[in-house]
Amino acid sequence: MAVEVEIGKSTWAKVLSHPKVREAVAAAAASRLSRVKYAAYQSGRVHFGDSLRVVTGIRPGTKAVGGLQRPYARIEGRTTEKEDAEDSRKAKLSRSQILRRAL
């Protein structure tokens, strides 16, 4: 006979706020960073590749059911318009195509 276990909102909040969970989320993004940088350099977007970094934080939970806050980590890159113009002349891939390769 199977027993149903229901995990409450407070338990999920404790699990998601644990430092090990945040570290694991950040480590997953960091492991993809080198592949994305490589794709940026290979496609000719040197300035964009140099600006790539991992950004971590906690979602506010305003849209989530019950206001559940959860950690996130994403790869972000910012370039100026001048750098973007230089890169786009010789680029084979757009910035969004490069970031999609992180998945």
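Author: Buried means under 20% relative accessible area. Keep that cut-off in mind; the model here is a predicted one.

Reader: Why is Glu 76 called buried?

Author: Glu 76 has a relative accessible area of 16%. The cut-off is under 20%, so Glu 76 counts as buried.

Reader: And what makes Arg 78 exposed?

Author: Exposed takes over 50%. Arg 78 comes in at 61%, so exposed is the right word.

Reader: How do you know that Glu 76 forms a salt bridge with Arg 53?

Author: Look at the closest N and O atoms of the two: they are 3.2 Å apart. A salt bridge needs the Arg nitrogen within 4 Å of the carboxyl oxygen, so this pair qualifies. Glu 76 sits in strand β2 (residues 71-76) and Arg 53 in strand β1, so the bridge ties together parts that are 23 residues apart in sequence.

Reader: What is Arg 53 called in terms of exposure, and why?

Author: Partly exposed. Its relative accessibility is 43%, which falls between the 20% and 50% cut-offs, so that label follows.

Reader: Why does the pair of Glu 76 and Arg 78 count as a salt bridge?

Author: Their closest N and O atoms are 3.7 Å apart, and the limit is 4 Å, so the pair passes. In fact Arg 53, Arg 74, Glu 76 and Arg 78 are linked in a network of salt bridges.

Reader: What makes Arg 95 and Asp 84 a salt bridge?

Author: Here the closest N and O atoms are 3.9 Å apart, and within 4 Å is what the term asks for, so the pair is in. Arg 95 belongs to helix α5 (residues 95-100) and Asp 84 to helix α4, so parts 11 residues apart in sequence are tied together. Both get the label partly exposed: Arg 95 has 32% relative accessibility and Asp 84 has 21%. Asp 84 isn't called buried, because that would take a value under 20%.

Reader: How many salt bridges does a search of the whole structure find?

Author: It finds 5.

Reader: What makes the link from Ser 51 to Arg 78 a polar contact?

Author: The side chain of Ser 51, a residue of helix α3 (residues 46-51), reaches the backbone oxygen of Arg 78 at 3.1 Å. The cut-off is within 3.5 Å, so the distance fits. Ser 51 also touches Glu 76, Gly 77 and Thr 79.

Reader: Where is Arg 32, and why is it called partly exposed?

Author: Arg 32 is in helix α2 (residues 19-43). Its relative accessible area is 33%, between 20% and 50%, so partly exposed it is.

Note on methods
Residues numbered from 1 in each chain as written. Predicted model: local features only at pLDDT ≥ 70, side-chain atom pairs only at ≥ 80, totals over all residues. Heavy atoms only, no water. Helix = DSSP H or I, 4+ residues; strand = E, 2+ residues; numbered from the N terminus. Buried < 20%, exposed > 50% of the residue type's maximum accessible area, 1.4 Å probe, protein only. Polar contact = N/O pair within 3.5 Å; in protein donor to acceptor, adjacent residues only side chain to side chain. Contact = heavy atoms within 4.5 Å. Salt bridge = Lys/Arg side-chain N within 4 Å of Asp/Glu carboxyl O. Lists of a residue's contacts leave out its neighbours within four places in sequence.
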